[in-house]
Amino acid sequence: MANASGTPERGRVIAGWLILLGLIIAGFIATVVTLNQTVFSAQGFVTHYLEALERRDVPAALATEGVTAVEGASDSLLAPDALGELSDIDIVAEEVFPDVRVLTVAYTLDGVAGETEFFVEPSGNRFGLFYGWSFARSPISVLEVTPLHAAEFTVNGIRLSSAGANQPSAWQVLTPSRYVLSHDSRYLTATDVPVRVTTPNSIVPAEVDVQASAEFVSQLQDEVDSFLQDCAAQQVLFPSGCPFGLPIDDRVESAPQWSIAEHPVISLVPGDTSDVWVAPETAGVAHLSVEVRSLFDGSLSRVEEDVPFTISWAVTLREDGGVSIDVL
């Protein structure tokens, strides 16, 4: 009797376990399906990469499958401080092709809205259950910078140096990103150049136009003014090493008195090499006052005459931070 009464009870227990097992299997399958549609989907894959950029986690971004380095390009800008502020990430479209999916992502980058298309492809399964994805086009691009008139410049505050003035050099950058190129040193400056990199696996050219700073020009102007004042202090008709003088046929009876009536206004342009800047030929006027006695009739008179002149300078930026100034 015990065996007979125990059989239905055992059957109910087994049935309960089978139902529970079925629920577990169904839940597991549902979880796998859900994860494949979210975390392990193409959209989840791209979102994972962009969230790494959002939190400035460069190692995580670089570890994403399909992110490949560009040979011959520097990795100096693959750094957290080089990245812009990425936010408001939203996948707005997904196109499915036989071998690739194209996802369009909207975002805000340094306060400006933008969009980027990412190309991803299947890369096998994880644990035989979850989809695997890889970038079909690496989101590493190349920022090719040509600094004009100087080799050094900054990108988002990071100091870099190219192969030389007027020579392009390549830096790897993550997409999407925004960079501000500039130059700010003691004597040279450049207007900020904003550059947005929004296309994966692209080459983005940029130039930094380095020019003489206002401080540099002002310092040279002071040097020129001082030089001309020293010339004017020489009480001779032709001050030594100076750009002005006046021949007089009559006999000079007093010490010549020079003054600078119009100072040349200096500007600076790049020279033949990156360390040389040139002040182009600029006009000025010196004034001479001197008493002379006529060799014809012996009369005494005073000569008051403006003497136009031109002057040009070459300025060399030395490695010790100073400058050398030479009259051309």
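Before I turn to individual residues, let me fix one term: a residue is called buried when its relative accessible area is under 20%, exposed when that area is over 50%, and partly exposed in between. With that in hand, and keeping in mind that what we are looking at is a predicted model, I would like to go through the salt bridges and then the disulfide.

The structure holds 8 salt bridges, and I will take some of them in turn. As general background, side chains of opposite charge can pair when their charged atoms come close.

Let me begin with the pair formed by Arg302 and Glu291, whose side chains meet in a salt bridge with a distance of 3.4 Å from N to O. Arg302 belongs to strand β17, which covers residues 300-317, while Glu291 belongs to strand β16, covering residues 276-293, so this pair ties together parts that are 11 residues apart in sequence. As for how accessible the two partners are, Glu291 has a relative accessibility of 26% and therefore counts as partly exposed, and Arg302, at 43%, is partly exposed as well.

A second salt bridge joins Glu94 and Arg101, where the N to O distance is 3.0 Å. Here Glu94 is partly exposed at 29% relative accessibility, and Arg101 is partly exposed with a relative accessible area of 27%.

In a further pair, Arg55 forms a salt bridge with Asp57, and the closest N and O atoms of the two are 3.6 Å apart. Arg55, at 48% relative accessibility, counts as partly exposed, and Asp57 falls into that class too, with a value of 25%.

Beyond these pairs, there is also a network of salt bridges, which links Arg251, Glu253 and Arg293.

Now to the disulfide. How many disulfides does the structure hold? The count is 1, and the bond in question joins Cys231 to Cys242, with an S to S distance of 2.0 Å. The torsion about this S-S bond is about -90°, and the disulfide is therefore left-handed. Cys231 sits in helix α4, residues 214-232, whereas Cys242 sits in the loop between α4 and β13, the latter being residues 251-252, so the disulfide ties together parts that are 11 residues apart in sequence.

Are these two cysteines buried or exposed? Cys231 has a relative accessibility of 1% and counts as buried, and Cys242, whose relative accessible area is 18%, is buried too, because the cut-off for that class is under 20%.

Conventions. Residues numbered from 1 in each chain as written. Predicted model: local features only at pLDDT ≥ 70, side-chain atom pairs only at ≥ 80, totals over all residues. Heavy atoms only, no water. Salt bridge = Lys/Arg side-chain N within 4 Å of Asp/Glu carboxyl O. Buried < 20%, exposed > 50% of the residue type's maximum accessible area, 1.4 Å probe, protein only. Helix = DSSP H or I, 4+ residues; strand = E, 2+ residues; numbered from the N terminus. Disulfide = S-S within 2.5 Å.
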